[in-house]
Amino acid sequence: YQRRVHGTLSECLFFFASSSFSMSFISEFWDKQAQTHGDSYTASWGDKHMIDLEFDVVSKHLQPGAVVLDAGCGNGFAAFRHAPKPAKLVACDYSPCMIDQAKARLGKEPTPNLTFEVADIRALPYEDNTFDMVYTTRVLINLQNWGDQTKGIKECLRVCKPGGRVLLLEAFWEPLCKLNALRGVAGLSPLVEHDFNRYLKEAKMADLLKELGAKHTIDRFSSVYYLGTRLLRDLALPEEEKQKGFNHEINSVFHTLQVQYPGGDFGIQQAFLIEK
């Protein structure tokens with residue numbers, strides 16, 4: 001999370017509300033990430049510990065024999081890890097270069113139940129009621145407005161079978177505000193969204209799902225980790241140690257604490273589990 005904007009939270013909100021990026025710009029960004037990082041997890045994010053937490057959340061909902069869609073798979077790093085569990089895993093992404101990387105790895109590591117293809121989450125190329133489970137991981141936040149995000153959510157629900165589940169692992173605005181309130185008390189500058197990210201609002205999500213008649217629960221699976229790595233870490237480490245970024249050993253400590261003692265509502269990454 002870049003720390004590029006200073007000032008009050010309302011000032012930060014105004015900055016991002018007045019900024020806009022085209023989908024072609026976003027696609028080009030992820031294409032470059034794929035070309036630079038290949039099939040490494042760093043193509044999507046450098047925080048391996050958070051990626052592991054995300055993996056654990058998805059994994060506990062995957063069922064043997066299920067047909068599953070990974071909507072927004074990036075270079076397939078997580079899809080390859082998940083593939084042994086379901087009967088079939090279809091993985092798609094908006095970035096052609098990300099899919100190229102995934103297919104190249106698939107050529108080296110044949111995985112019969114795993115396929116990759118280019119697709120837009122706003123208009124998924126699958127029939128209604130196709131998948132037992134659909135999941136996203138930091139995908140909807142790449143869409144530039146709530147209208148497009150709503151399209152993506154509805155598409156995930158459309159292609160999910162009745163009785164199936166849609167799992168949305170996304171970044172949310174409300175916990176960011178809570179975390180920044182603590183950072184403000186501590187005299188630290190606020191965390192802000194990446195240039196083109198648009199964090200979801202819990203309240204809007206709840207209203208939409210109520211309108212659609214879809215029951216949901218929220219797994220706040222990252223609160224302790226965020227408190228540790230986005231607050232306490234900045235208070236505890238000298239500047240030269242902070243330069244190690246996500247690879248600092250203190251991140252591993254807070255990952256362990258998160259696994260052992262989950263709880264709280266300060267984790268920007270949350271999982272909405274929707275029952276169709």
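These legends walk through a few close-up views of a predicted model.

**View 1. An open sheet with seven strands.** Let's start with the sheet: it is open, its 7 strands come in the order 3-2-1-4-5-7-6, and the pairing is mixed. The two edge strands are strand 3 (114-118) and strand 6 (215-219), and each of them pairs on one side only. From one strand to the next, the twist averages 15°.

**View 2. Strand 6 meets strand 7.** Here we zoom in on one edge of the sheet, where strand 6 pairs on one side only. Its partner is strand 7 (residues 269-275); the two run antiparallel and are joined by 5 bridges. To find your way around, look for histidine 216, whose bridge partner in strand 7 is isoleucine 274.

**View 3. Helices packed on the sheet.** Helix 3 (residues 48-59) packs on the sheet and touches strand 4 (131-137), strand 5 (160-171), strand 6 and strand 7. Compare directions and you get about 165° between helix 3 and strand 5. Helix 5 (residues 96-108) lies across strand 2 (88-93) and strand 3, and runs at about 155° to strand 3.

**View 4. The salt bridge between arginine 122 and aspartate 148.** Side chains of opposite charge can pair when their charged atoms come close. In this view, the side chains of arginine 122 and aspartate 148 meet in a salt bridge, 3.3 Å from N to O. Arginine 122 sits in the loop between strand 3 and strand 4 while aspartate 148 belongs to helix 6, so the pair ties together parts that are 26 residues apart in sequence. Arginine 122 is partly exposed, at 23% relative accessible area, whereas aspartate 148 is buried, at 14%. The pair also has company: salt bridges that share partners join Asp120, Arg122, Asp148 and Lys151 into one network.

**View 5. Glutamate 155 in helix 6.** Stay with helix 6 (residues 146-159), which is also where you'll find glutamate 155. Is this residue buried or exposed? Glutamate 155 counts as buried, because its relative accessibility is 13% and the cut-off for buried is under 20%. Setting aside neighbours within four places in sequence, glutamate 155 is in contact with Ile121, Arg122, Ala123 and Leu124.

**View 6. A salt bridge from strand 4 to strand 5.** Aspartate 132 and lysine 161 form a salt bridge, with their closest N and O atoms 3.4 Å apart. Aspartate 132 is in strand 4 and lysine 161 in strand 5, 29 residues apart, and the pair links these distant parts of the chain. Both ends are partly exposed: aspartate 132 has a relative accessible area of 27%, and lysine 161 has 28%.

**View 7. A salt bridge from helix 7 to helix 9.** Next up is arginine 183, which forms a salt bridge with aspartate 234; their closest N and O atoms are 2.9 Å apart. Arginine 183 is in helix 7 (residues 173-185) and aspartate 234 in helix 9 (residues 223-236), so to speak two distant parts of the chain, 51 residues apart, that the pair links. Arginine 183 is buried, at 1% relative accessibility, and aspartate 234 is buried too, at 6%. The count of salt bridges in this model comes to 18.

**View 8. A nonpolar patch on the surface.** Finally, we look at the surface, where Val253, Leu257 and Tyr261 form a nonpolar patch. Together they have about 290 Å² of accessible area. Leucine 257 is in helix 11 (residues 249-260) and is partly exposed, with a relative accessible area of 31%.

Notes: Residues numbered from 1 in each chain as written. Predicted model: local features only at pLDDT ≥ 70, side-chain atom pairs only at ≥ 80, totals over all residues. Heavy atoms only, no water. Patch = residues over 30% accessible without salt bridge, like charges linked within 9 Å, V, L, I, M, F, W, Y side chains within 5 Å. Areas by Shrake-Rupley, 256 points an atom, 1.4 Å probe, with all protein chains shown as cover. Salt bridge = Lys/Arg side-chain N within 4 Å of Asp/Glu carboxyl O. Helix = DSSP H or I, 4+ residues; strand = E, 2+ residues; numbered from the N terminus. Buried < 20%, exposed > 50% of the residue type's maximum accessible area, 1.4 Å probe, protein only. Pairing = 2+ DSSP bridges. Axes fitted to C-alpha atoms, helices over the stretch in contact; angles between N-to-C directions. Contact = heavy atoms within 4.5 Å.
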